[in-house]
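Dear colleague,

Please find the structure below. My notes on what was found in it follow.

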Amino acid sequence: MPMHTRIRSCYTSGGEDEFASAIGQLVAAAKAAVPVAAYAGITGSTHHAEVRSYGATDSVIDGLVRSQTARHRPWPLVSGGSRTITIADTAADGRWPEFTSAARRSGIGSILAVGLSEEDPALGTLSLYATDAGAFTDGDETITAVFAGRAAALLRSHADGGDCDGNDGDGDGDTGSRDGAPLVVEVCGDIDSANAAAFALQLSWLPARDTIVHLAGLQFCSARGLELLLEHSRRLAENGASLWLADCPRALWRVIGRLRLDEALPVLGTSPRAAPPVTDSAGQWAARRGAPGQAAAHMRRSRR
């Protein structure tokens, strides 16, 4: 089962420069997470068949955009019935001959395009480009989809000029963490070697504030996944905040206890899966948390 993280927070648009920086960093991170990718960018078509481009990592993508615009052709890599479009070999794919020919002349052998939103194909796609044919795998698609969901949240927020409910497109968002309430993060599926890098990146995006990580949908957590949770707990503690787990699977709960990690990864509830649902966990968090900064300070002292 693919891992995804629902982040119950808000992104506030801070103008064109901040938006361009955020999109650029996200696209660059997506490219880095899929080593076979030589280039990456977010692209789509407007209602007037003009191609828009965000965060391109190389002028090669800008060249493709210009060629489509010059021919008054819409951007072909826009998901319709399927969220993902793959061109395994630009020399053999006949769906968009002008486009694939231009891509081939630019040294591109294969393309992986993942729609930013299943509900709104017009948002465009996060596309990765490789120099070799047949370069991308199903695992690459899973990783790219994580970044595509975050990109959708950024684009929607920028278009609205304000806040949005950030999530990865696989579930309903929530209102953001405000007024001192903890940030609530839901982790679902597997955290294994195939998606640990994407999970680490998502954790790095979270603000340094008290955080409740709900694990009701977690199916498997590797040693690396546990390590990433510990690293995020330390990062929060350094900023006077703390991390709490809720709906913890029995196996993971036992590992945390056996390794004596209870202080770094405290679990809400008296036993595995005994935590309240997402909407009620903040109340139990407040009762366990005590005075602001108390739990984080305790964790810092325990590590000395």
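How much area does the protein expose, and what share of it do carbon and sulfur atoms supply? The exposed area is about 13700 Å², and carbon and sulfur atoms supply 49% of it; accessible areas come from the Shrake-Rupley method with a 1.4 Å probe, and for residues only the protein chains shown count as cover.

Please note that this is a predicted model, in which local features need pLDDT of at least 70 and side-chain atom pairs count only at pLDDT 80 or more, while totals for chains, interfaces and linings use all residues. Residues are numbered from 1 along each chain as its sequence is written, and side-chain values use heavy atoms, leaving out hydrogens and water.

The protein has nine helices and 10 strands (DSSP runs numbered from the N terminus: H or I of at least four residues for helices, E of at least two for strands). Of its 304 residues, 49% are buried (under 20% relative accessible area; exposed means over 50%, and partly exposed in between, with a 1.4 Å probe and protein chains only).

Helix α2 covers residues 59–70. Its buried residues are Val60, Ile61, Leu64, Val65, Ser67 and Gln68. They lie on the same side of α2, because their arc around the axis is only 160° (taken from the directions from the helix axis to the C-beta atoms). Ser59, Arg66 and Ala70 are exposed on the other side.

At the N-terminal end of α2, Asp58 acts as a cap, with a side-chain oxygen 2.8 Å from the backbone nitrogen of Val60. Just after α2, His72 has a positive phi of about 55°.

Yours sincerely

Terms used. Expected span 1.5 Å × (residues − 1). Polar contact = N/O pair within 3.5 Å; in protein donor to acceptor, adjacent residues only side chain to side chain.
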